[in-house]
Amino acid sequence: MTIRLSDTPLLEWAGDTLAVGLFEDAVELTGDLAALDQKFAGIFKELIAEEEFTAKANSTIFTRVGAVNQVKKVILVGLGKPEALKLDTLRRVAAAVAKVAKKQKTKTLGISLPLWNNDPAATAQAIAEGAQLALYQDNRFKSEPEDKGPQIETIDLLGLSGQEAAVTRANQIVSGVNLARQLVAAPANAVTPITLAETAQAIATEHGLQVEILEREDCEKLGMGAFLGVAQASDLPPKFIHLTYKPETTAKRKLAIIGKGLTFDSGGLNIKGAGSGIETMKIDMGGAAATLGAAKAIAQIKPDVEVHFISAATENMISGHAMHPGDVLTASNGKTIEVNNTDAEGRLTLADALVYADKLGLDAIVDLATLTGACVVALGNDIAGLFTPDDAVASQLEKAAESAGEKIWRLPMEDKYFEGLKSGIADMKNTGPRPGGSITAALFLKQFVKETPWAHLDIAGPVWEDKENGYNGPGATGFGVRTLVNWVLS
């Protein structure tokens, strides 16, 4: 599919389907829309009245208009109230239009939407992102694709000529999101720690990044007892992935993004039981997927920021070699951990990854993890939890997420709650009491960052969508990639 920028007037555009945006409670047609309606013999006014169309955000109606001016169909799409227009409104509106147009077997689609904040570049990027994300399909594991109909071949963004750089940026970001989607959606027999390492190597080869894959022996030399404790039951080797992007010029900042990389989580000897969602545990590497997706996008955008992409990748399995509940592990910073629940394994892998990153001389670290069900209970399926003791990093991530259209909410790091992690025989336990479970998980991670400003994103909820929701779902969402890219570029 090709996205083109067009300065063709609305009245003169030719193609299969033309989509036009209208604001809520102000659906009177004026200007070019009124002229277009007159050209189509008043069909817009008639359709709006018949359908009682109020132009609520993302709502759509469409009609066939014959072949007047070589346009066959018109889609009217609601923008919501003018004062509530956000970048993500345009992203989601474009997604709604793309889905309707595809169902109508459109090959050439024209989209006419208002500018956000008088910013044509941001507007073009948001529309291009939304349309492409909505049209994403993953048929890798089906013998035949379910959708055998024609695909949209060309999308013209009307009134946005000259914004080619913005569309290129959208394409780069979408490529990263879709990589993350593919990794999360793939079953655990298709995406393994080896696969993640190979993906990192492929990104490095294609885009000129540096890559280092630490094998089990390398991790042993670094004292990564927490990570290796989780990995010891799997027949597949653990892979500690370190992918580095360095700009050609002097880097204005040095950052790290760490993703939890559990390609399957059985729960270990504290095995997940019926109703636990064990069959979905292929998604437990959603943080690593977002990390690699961000790496792919950043490698193409080439900002003047040095970024380290890190994941301690393994499976959490059951065997005669598995760590036991009650075992004591020693992380690479010397901290000892009593394992009172082998199903709280992600924080153990992240512990050694954080120690590793903390030694790189960075300006900030962000980790992403499908870490706790407690965060889903607190914030639901659409919102990720943000934990950080650093207000500046929190503000950066909140702004990045707002622009990306990805919802995050800062939760407290109540130091008093660390009392629940205290152990009688080690420095700490890996889980605390049930109340405040996402907070104690974040406090656990905090013990492994000594010098660097750090934030933790618990993405257990939004990494997967059970039903269609705008440009996401059903399935893997690629959550986090757009926020991470925006954070790096900020």
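These exercises work through helix packing, backbone angles and residue environments in a predicted model.

**Exercise 1. Describe how α5 packs against α14, and classify the pair.**

Step 1. Take the geometry first. Two packed helices are described by the angle between their axes and the distance between the axes.

Step 2. Read off the values. Helix α5 covers residues 164-185, and helix α14 covers residues 481-489. Their axes are 9 Å apart, at an angle of about 135°.

Step 3. Classify. Angles over 145 degrees count as roughly antiparallel, and 65 to 115 as roughly perpendicular. The angle of about 135° falls in neither class, so α5 is oblique to α14.

Step 4. Add the hand. The crossing of α5 past α14 is right-handed.

Step 5. List the contact residues. From α5 come Arg169, Ile173, Gly176, Val177 and Ala180. From α14 come Val481, Arg482, Val485 and Leu489.

Step 6. Sort them by class. The contact of α5 with α14 holds 6 nonpolar, 1 polar and 2 charged residues.

**Exercise 2. Repeat the analysis for α9 and α14.**

Step 1. Locate the partner. Helix α9 runs over residues 286-301.

Step 2. State the geometry. The axes of α9 and α14 come within 9 Å and cross at roughly 45°.

Step 3. Classify. Angles under 35 degrees would count as roughly parallel. At roughly 45°, α9 and α14 are therefore oblique to each other.

Step 4. Give the hand. α9 and α14 make a right-handed crossing.

Step 5. Name the residues. On the α9 side are Ala290, Gly293, Ala294, Ala297, Ile298 and Ile301. They meet Val481, Leu484, Val485, Val488 and Leu489 of α14.

Step 6. Count the classes. The contact of α9 with α14 has 10 nonpolar residues, 1 polar residue and no charged ones.

Step 7. Look back at the α14 side. Val481, Val485 and Leu489 are among the residues that contact α5. Val481, Val485 and Leu489 are also among those that meet α9.

**Exercise 3. Find the phi values of Ala55 and Asn117, and decide whether each residue is buried or exposed.**

Step 1. Recall the background. Most residues other than glycine have a negative phi.

Step 2. Check Ala55. Its phi is positive, about 65°, although Ala55 is not a glycine. Ala55 sits in the loop between α2 (43-51) and β3 (60-64).

Step 3. Assess its burial. Ala55 has 1% relative accessibility, so it counts as buried.

Step 4. Check Asn117. This residue is not a glycine either, and its phi is about 55°, again positive. The loop that holds Asn117 joins β5 (108-112) and α4 (120-134).

Step 5. Assess its burial. Asn117 reaches 58% relative accessibility, so it counts as exposed.

**Exercise 4. Describe the surroundings of Leu457 and Leu421.**

Step 1. Place Leu457. It lies in strand β18, residues 454-458. With a relative accessible area of 2%, Leu457 is buried.

Step 2. List its contacts beyond four places in sequence. These are Val366, Asp367, Leu368, Ala369, Gly385, Leu386 and Ile408.

Step 3. Set sequence against space. Leu457 and Gly259 are 198 residues apart in sequence, yet their C-alpha atoms are 9.7 Å apart.

Step 4. Place Leu421. It is in the loop between β16 (407-410) and β17 (428-429). Leu421 is at 0% relative accessibility and so counts as buried.

Step 5. List its contacts, again leaving out neighbours within four places. Leu421 is in contact with Met428, Lys429, Asn430, Thr431, Gly432, Thr440 and Phe444.

Step 6. Set sequence against space again. Leu421 and Leu22 are 399 residues apart in sequence and 54 Å apart from C-alpha to C-alpha.

**Exercise 5. Assign Thr63 and Gln201 to their elements, then give their accessibility.**

Step 1. Start with Thr63. It is found in strand β3. Its relative accessible area is 15%, so Thr63 is buried.

Step 2. Add the contacts. Beyond four places in sequence, Thr63 touches Ile43, Leu47, Lys72, Lys73 and Val74.

Step 3. Turn to Gln201. It lies in helix α6, residues 193-207. Its relative accessible area is 37%, so Gln201 is partly exposed.

Step 4. Add the contacts. Outside four places in sequence, Gln201 touches Val211 and Ile213. Gln201 and Ile241, 40 residues apart in sequence, are 9.2 Å apart C-alpha to C-alpha.

Definitions and conventions:
Residues are numbered from 1 along each chain as its sequence is written. This is a predicted model: local features need pLDDT of at least 70, side-chain atom pairs count only at pLDDT 80 or more; totals for chains, interfaces and linings use all residues. Side-chain values use heavy atoms; hydrogens and water are left out. Axes are lines fitted to C-alpha atoms, for helices over the stretch in contact, and angles run from 0 to 180 degrees between N-to-C directions. Helices (H or I, at least four residues) and strands (E, at least two) are DSSP runs, numbered from the N terminus. A crossing is left-handed if the near helix is turned anticlockwise from the far one by less than a right angle, and right-handed if clockwise. Contact means heavy atoms within 4.5 Å. Ala, Val, Leu, Ile, Met, Phe, Trp, Tyr, Cys and Pro count as nonpolar, Asp, Glu, Lys and Arg as charged, and the others, Gly among them, as polar. Buried means under 20% relative accessible area, exposed over 50%, partly exposed in between (1.4 Å probe, protein chains only).
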